[in-house]
Amino acid sequence: MSLSPYLPIVGLFALAFAFALFSVAIAPLIGPRRYNKAKLEAYECGIEPTPQPVGGGRFPIKFYLTAMLFIVFDIEIIFLYPWAVAYDALGLFGFVEMVLFIGAVFIAYAYVWKRGGLDWD
Amino acid sequence: MIDVWWLLILKVVGIFAFLVLVTLFTIWFERRVVGRMQHRPGPNRVGPFGLLQSLADGLKLAFKEDILPRGVDRWVFVLAPVISTTAAFTGFAVIPFGPEVSIFGEQTSLQLAEVPVGVLVVLAASAMGVYGVVLAGWSSGSTYPLLGGMRSAAQMISYEIGMGLSIVAVFMAASTLSTREIVAAQADGTPYQLLGMDVQLPSWYVLLLFPSFLIFMISIVGETNRAPFDLAEAESELVGGFHTEYSSLKFALFFLAEYVAMVVMSGLAVTMFLGGWHAPWPLSLWGEANTGWWPFLWFTLKVMGFLFMFVWLRGTLPRLRYDQFMHLGWKVLVPASLVWIIAISGIRSAARDEGDRALWLTVLGLVFIAALLGYLWPRRRPVPPATADSGAGGFPVPPLDLVVPPNPRAKRLAATRAGTGPASGSGEGADDEKEV
Amino acid sequence: MILAQTVAAAGPALDAAPALAAAGDVSVGEQVVFWILAPVALGGAIGMVAARNAVHSALFLVTTMFALAVFYVLQAGPFIGMVQIIVYTGAIMMLFLFVLMLVGREASDSLIETLRGQRMAAIGLGIGFALLVASALTRGLGAVSAQGLEEANRGGNVEGIAAVLFTRYIFAFEVTSALLITAAVGAMVLAHVERPKGMKVSQKERSRARFAEGSYPGMKAGPGVFATSDSVATPALLPDGGESDRSISRVVPARGLTSAEAAPKHTER
């Protein structure tokens, strides 16, 4: 199998990458440079910046749960795509097996919902 | 079909230029339209109708100081806008603009890359785009960007689920993941047997799979971090969100990436649901409409329509609260998509058999859609008459006749004036007028 | 453990070479892409181990996975290549990144060896293991040429996967759902803090309270500001102490107030 249908994607990728790289490289060269201590501080509303951002730059554990659920559903979606493409070929059998699969993942989803894992405060 | 090398380079550069130009145009367009919606003219000084405003802004940004604050993670800080921009541009490679045309005597299709997994390329690019935002927030070493990056990471991945699930029905209907074939599948109506008659179903998936379209539209607004889902850069809470610490061209790259992502997502929506480059109905009666360079115009106009909708949403809706936003993504869009997928596959499965079953299922499907529409139809609640205290329609407005607490000095004054007036300024308009 | 990850990451890159060479009909383009991306993949893997900052490590790993995705596409598996990007770099590495950020951005490895000579031994063993895998694969696959690729991809790569996955490997597919349930439940058990209702004030309740009757939702006057009234009907004062009529919005009377209500209200003094 030849790579050529994918080559243009790489081309656009490379052009965009080169453009972005060029931009960030040239920005410090053409802009002015006026030293000011306050300019280099992290943004805060008028008060002295605390040495560390919130909680030492930590994330709440809540986001871990979201990311894990995202993986679960992402994998489900990835299974759904070839199934949808080949749906007409698979027939009723395909329908039943995917209902079972979605149902099973839905159990996990319902459990997380019921326990309050999807609530934000 | 493989193009000759110079054609390939021409197309790559052409698409890049197209995206940059559309971005410049869209920024101007957005500011003008939002301006009109807010009863002000918008930018109208630079060039005709202010068209060159965004170009001027871009140039101005390039000559601004490039600040690298203390405490940033240098490499990641520089890398983040590069990732954002690259990911945003790459997605457009698989979007078809039009049919075969001839460029300098070479027959070629108006599409950069036709691959069997076309739509997945766009999804992969948008998945990589999340990195730009998260890393920008993290590497800034500052509170607001961190909060913005954290929020937007959760937001983008949540709405990626809705987006990914909503297009399953399209793949099912088109039986392919390739963008060109999805467009081709929407070219003509689908013949369908109903009550012994041949019915020509509409070919655009927006009509055929309307719930998918609805979920997809909501998801792409969340995915591109646009209002009303722009919590990643909520100005009133987070200053600028993930790009607070960015300046100069690095900031411009984030701006560019946001608008290019909007164009790519609009292009994907057009390809998946609006028949791609095919001419819309009244125009499609004209035989030449779907040949040559014309489809490029239809495609651009459709994309513009979507961009207008993005702007319209921004001009209309207030920003969501974060818990409402996650609620919508996880508790509404995800289950709705799953139920819809099972429903549409059940209908499709049953529709394969001839006879009554197809009829019944069609009726059932229509009832389901009607019920859904009835449920989603905006209700008009009676607006209580506005009184001075309750504000307009229950919305809080500043009190119009605030009872001012008596000023301690007023008692003395009143005593000296010997009963000219009570010590309150409110509700006494008539008296006060006399004084003036 | 990190070493094992590196080798696992580098493994496909290493075994791609003999498979490509063995196929015999490798086009120049494929070879060019391979020789560009193989160093990228390996460099990413080495960088992942060498980087001191955990987030940098994760980014190097992302590079490796991205390069692997291109290898999959190169090896006539476009679907699995895209899945590699969407699921591995898009979802799983994002989870890694989240976890690393949970630990905080200042957390970086210390250079002090807790076990003497551990680093040297690890490097030696790693190189040894890589050589072992490479030589075994070369010997095992060096003379084998790829077969059946045309046939497997005849109806299209995605259709081919679907035809096999949803018929012959149906059991594995359904069992995956059990794995996903386990993942979700596990994440809940590990990361979810269950609070009794009302223990923590949610955004919704806070917002309700803010707009509740009797509470003024707008900003309060800042400290040090002398203001006896913030009603829109309070006129501004002119330099001579008189009141400016122009400072009262014309909308105020238009909203259906009586003229007495709409008339300018004074700040008592």
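Here are some worked exercises on a predicted model with chains A, B and C.

**Exercise 1. Get a feel for the three chains: how many helices and strands does each have, and what share of its residues is buried?**

Step 1. Start with chain A, where you'll find 4 helices and 0 strands. Walk along the sequence and the pattern reads α-α-α-α. Of its 121 residues, 40% count as buried.

Step 2. Move on to chain B. Here there are 17 helices and 4 strands, and 46% of the 436 residues are buried.

Step 3. Finish with chain C, which comes to 11 helices and 2 strands. From the N terminus, the order is α-α-α-α-α-α-α-α-α-β-β-α-α. Buried residues account for 25% of the 269 in this chain.

Step 4. Now add contact range. Taking contacts with a separation of 6 or more, residues 24 or more positions apart supply 70% of them in chain B. The corresponding share in chain C is 61%.

**Exercise 2. Work out how far to trust chain C: where is confidence lowest, and where is it highest?**

Step 1. Check the overall scores of the model, which are ipTM 0.84 and pTM 0.76.

Step 2. Zoom in on chain C. Its mean pLDDT is 74, with 69% of residues at 70 or more.

Step 3. Break that down by element. Helix α1(C), residues 2-23, has the lowest confidence, with a mean of 42. At the other end of the scale sits α5(C), residues 118-141, with 89.

Step 4. Look at the N-terminal stretch itself. Residues 1-24 of chain C stay under 50 in pLDDT. The model has 49 contacts beyond four places in sequence for this stretch.

**Exercise 3. Take helix α2(C) apart: how does its span fit expectation, and which residues are buried?**

Step 1. Check the length. Helix α2(C) covers residues 28-50, 23 in number, and reaches 33 Å from first C-alpha to last. That is close to the 33 Å expected at 1.5 Å a residue.

Step 2. List the buried positions in α2(C): V33(C), F34(C), L37(C), A41(C), G44(C), A45(C) and M48(C).

Step 3. Keep the helix geometry in mind as you look at that list. With 3.6 residues a turn in an α-helix, residues three or four places apart point the same way.

**Exercise 4. Describe the side of chain B that touches chain A: which helix gives the most, and how do the residues divide by type?**

Step 1. Count both sides of the contact. Chain B puts in 65 residues, and chain A 54.

Step 2. Find the contributing elements on the chain B side. Helices α1 (5-37), α3 (74-90), α5 (143-166), α6 (168-174), α11 (248-273) and α14 (322-351) of chain B each supply at least two residues.

Step 3. Pick out the top contributor, which is α14(B) with 12 residues.

Step 4. Sort this side of chain B by residue type, and you get 38 nonpolar, 16 polar and 11 charged.

**Exercise 5. Find the hairpin in chain B: how do β1(B) and β2(B) run, and which residue in the turn has a positive phi?**

Step 1. Locate the strands. β1(B) spans residues 98-103 and β2(B) residues 106-110; they run antiparallel, joined by 5 bridges.

Step 2. Fix the register with one pair: E100(B) stands opposite S109(B).

Step 3. Go to the turn. The hairpin has 2 residues between its strands, and F104(B) in the turn has a positive phi of about 50 degrees.

**Exercise 6. Look at three individual residues of chain B: why do H39(B), F49(B) and E237(B) count as exposed or partly exposed?**

Step 1. Begin with H39(B), in the loop between α1(B) and α2(B). Its phi is near 60 degrees, positive in a residue other than glycine. H39(B) counts as exposed because it has 6 C-beta neighbours inside 10 Å, and the cut-off for exposed is 12 or fewer.

Step 2. Stay in the loop between α1 and α2 of chain B for F49(B). This non-glycine residue has a positive phi of about 60 degrees. F49(B) is partly exposed because it has 14 C-beta neighbours inside 10 Å.

Step 3. Jump to E237(B), in helix α10(B), residues 235-238. E237(B) is partly exposed because 14 other C-beta atoms lie within 10 Å.

Step 4. Place E237(B) relative to Y144(B). They are 93 residues apart in sequence and 8.6 Å apart in space, C-alpha to C-alpha.

Note on methods
Residues are numbered from 1 along each chain as its sequence is written. Chains are lettered from A and ligands numbered from 1 in the order in which they are written. This is a predicted model: local features need pLDDT of at least 70, side-chain atom pairs count only at pLDDT 80 or more; totals for chains, interfaces and linings use all residues. Two residues are in contact if their C-beta atoms, placed from the backbone, lie within 7 Å. Ala, Val, Leu, Ile, Met, Phe, Trp, Tyr, Cys and Pro count as nonpolar, Asp, Glu, Lys and Arg as charged, and the others, Gly among them, as polar. Two strands pair if DSSP finds at least two bridges between them. The expected span of a helix is 1.5 Å times one less than its number of residues. A residue is buried if 20 or more other C-beta atoms lie within 10 Å of its own, exposed if 12 or fewer, and partly exposed in between; C-beta atoms are placed from the backbone. pLDDT is the predictor's confidence in each residue, from 0 to 100.
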